[in-house]
Amino acid sequence: MSCSSVEDLPEQCKDLFTQDGVLLKASLGRPISDLNSIGMLCIVQNMDGSKCIEWRPNDLITIDSDTQDQEWAVVNTIGRRQRTLSGNMTSDYEAARARIIRIPLDELKSFKVSRNNQQMQFSTKQGVWQNTCYFQHGNAEIFLSYLKNHVKTAKTRHDRNTYVVVEPNAECQVLNKSFAELDIFTENTTDVVWNLVSNFKQRPYETTMEAFSKLTDIVYYGEGVNGKREMSDEVADLLTKSMSALEDTTSITRSEEYEVINVKPTLPPRPSIPRGTPLSTEKWDGLQDPEGRITEVEGVKQLIFRGGVAHSIRHSVWKYLLDYYPWKMTKTELKSLHKKRTEEYFSMKLQWRSMTEGQELRFSEYRDRKSLVEKDVNRTDRTHPFFAGDNNPNLIVLQDILMTYVMYNFDLGYVQGMSDILAPLLLLLGNEVDSFWCFVGFMEKISSNFDMDQAGMKQQLLNLQQLMAFITPDLAKHLASKDSGNMYFCFRWLLVWFKREFSHRDIMRLWEVLWTGLPCANFHLLICVAILDAEKDVLISKDYGFTEVLKHVNDLSMCLDVDIILSTAEGIYHQIVSSPHLSDQIRLILGLPLAPKPEVPEPEPEPTTFSNGNDSGETEEVTLEYNGHEISVVTKTVWALLA
């Protein structure tokens with residue numbers, strides 16, 4: 001994607017991560033007219049290797065979508081949609097460029113996540129939040145997770161939602177070298193150094209004393225003059241150097257985050273999990289109470305995930321899986337709901353059916369969508385008997401449902417690929433109204449596949465890339481070396497949920513399993529991994545390049561066994577969750593709980609009473625000068641040294 005800003009920047013840059021649906025709430029130095037605009041928040045790598053955070057307004061994304069790079073165009077067979085820009089958008093490219101917000105990562109000082117992971121604030125100057133972004137879908141933690149891959153962060157002590165950007169510097173290295181040479185700490189030296197450095201600014205005197213306390217508790221001292229214990233010259237010299245480095249420390253805080261370790265992980269063995277039998281009519285009837293409510297909903301989903309649904313009851317079960325029928329409704333309530341949904345459907349259908357030719361002539365966007373629907377319907381599943389032949393009435397129903405969906409969701413409208421999603425639903429259900437509302441439910445699950453800026457598809461491909469690197473790093477490395485690491489060759493798989501890869505019978509089984517949402521979020525991505533894992537030996541041994549990979553993947557169409565793929569994907573899932581090195585990045589993709597962060601308790605200073613000739617028992621303040629610092633209140637171990 002082309003990347004620009006108001007400054008002198010490279011013409012091309014690489015998007016490392018993009019997240020759409022981000023509202024710009026505040027930005028210092030920006031006019032009010034720029035605020036409350038929707039855009040995309042990105043992590044970008046420039047041509048010179050530097051990285052930055054960018055917020056781009058949607059109108060710029062709309063303009064750029066017509067000039068996407070050639071690599072994306074190779075796999076993008078989806079026709080572009082022309083949309084009317086909203087009132088606060090401009091079609092002027094230079095004006096849109098001027099609204100880009102850029103935050104170089106080497107200037108980023110801190111950022112804050114608040115409001116239930118929906119808002120992020122960024123600062124390049126201590127104490128000032130220059131930019132505030134609001135995540136409409138409440139997914140700031142995803143952006144945060146990727147940002148942590150590019151900057152070292154630590155939570156501040158006074159606010160656990162605020163992160164400070166931390167860079168290892170000379171001062172930390174001095175301390176690390178000093179303590180390593182002393183070889184006196186039982187815990188990890190690096191952790192100790194970070195602990196000392198992080199505490200120094202906020203608690204300089206106490207931190208200094210804690211450092212000494214650790215040393216004097218462990219280091220043995222020889223007998224000096226007058227029988228007093230003295231610190232060795234070597235130890236004193238090292239500590240003096242370390243303390244000198246600490247004096248110049250500014251805003252370093254100990255990191256409580258996990259480090260990203262670039263080592264090839266070893267996954268546990270992949271279990272072989274056999275598929276179960278389909279949910280039968282008897283079981284389905286037995287899971288309903290006398291009034292028709294479905295009991296043990298999660299149990300039903302488990303049965304469907306394990307073996308799918310018997311074809312004889314699919315027309316009923318699919319309505320529940322696609323959120324057309326609520327699980328807890330009685331038969332009487334479902335009849336009432338069906339009547340209401342029927343009225344709604346025909347009311348929307350009447351809106352476009354009653355449009356005059358004159359109205360169509362003056363409504364170019366509607367006219368374009370109608371034309372696209374007609375073209376797609378005439379080439380959808382025409383080899384299947386249900387849609388075959390000329391003047392097939394089922395094609396008319398297919399077109400009517402898609403046109404009614406345009407009126408139902410005009411913002412999204414119609415995009416190529418939707419007819420592939422609808423066709424199996426209409427074939428199974430037969431009923432126009434039921435097919436429409438089940439289609440609505442399906443589109444709710446995959447609507448991001450059809451985003452105008454393709455942000456949803458790009459995010460899925462990025463997630464798939466991350467999963468491949470974690471599960472099959474050798475194949476991921478090979479694909480990357482052949483310009484296929486972006487996973488663009490999986491575009492068709494993800495867009496229409498493998499509709500063109502499996503037979504009609506198998507795609508019905510695959511879809512109903514995926515609709516359960518089990519065993520994790522984005523299980524369809526593990527389906528992709530399972531297919532590619534089965535082809536790994538061929539792709540690597542034959543040294544396929546980008547073109548060969550794309551052709552090989554397309555040739556897999558109608559040659560895949562759905563039960564084997566599902567079994568493999570489930571085995572991969574259990575491999576992942578059993579992995580001891582499971583990263584938060586993978587957890588976020590699969591919707592798994594994040595790993596708990598270890599709590600590191602702060603050492604409590606031990607209260608000490610010094611008599612110093614005073615028998616009253618009251619604590620007296622003792623002042624110690626060390627390396628130019630006056631330190632009040634010292635710990636017992638340090639006082640013992642100075643006695």
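This passage describes a sheet, a helix that lies across two of its strands, and a pair of packed helices in a predicted model. Local features were considered at pLDDT of at least 70 and side-chain atom pairs only at pLDDT 80 or more, whereas totals for chains, interfaces and linings use all residues. Residues are numbered from 1 along each chain as its sequence is written, and side-chain values use heavy atoms, with hydrogens and water left out.

An open sheet is formed by 9 strands in the order 4-3-2-1-7-6-5-9-8, with antiparallel pairing (strands are DSSP runs of E of at least two residues, and helices runs of H or I of at least four, numbered from the N terminus; two strands pair if DSSP finds at least two bridges between them). Strand 4 (101-104) and strand 8 (153-155) stand at the edges with a single partner strand each, so one side of each has no neighbour in the sheet. From one strand to the next the twist averages 30°. Strand 1 (residues 13-27) and strand 2 (residues 37-46) run antiparallel and are joined by 9 bridges; Cys13 has Asn46 of strand 2 as its bridge partner.

Helix 18 (residues 455-471) lies across strand 1 and strand 2, at about 130° to strand 1 (axes are lines fitted to C-alpha atoms, for helices over the stretch in contact, and angles run from 0 to 180 degrees between N-to-C directions).

Helix 11 (residues 314-321) packs against helix 16 (residues 418-429) at an angle of about 135°, their axes lying 9 Å apart. The contact (heavy atoms within 4.5 Å) is made by Arg314, His315, Trp318 and Lys319 of helix 11 and by Pro424, Leu425, Leu428 and Leu429 of helix 16.
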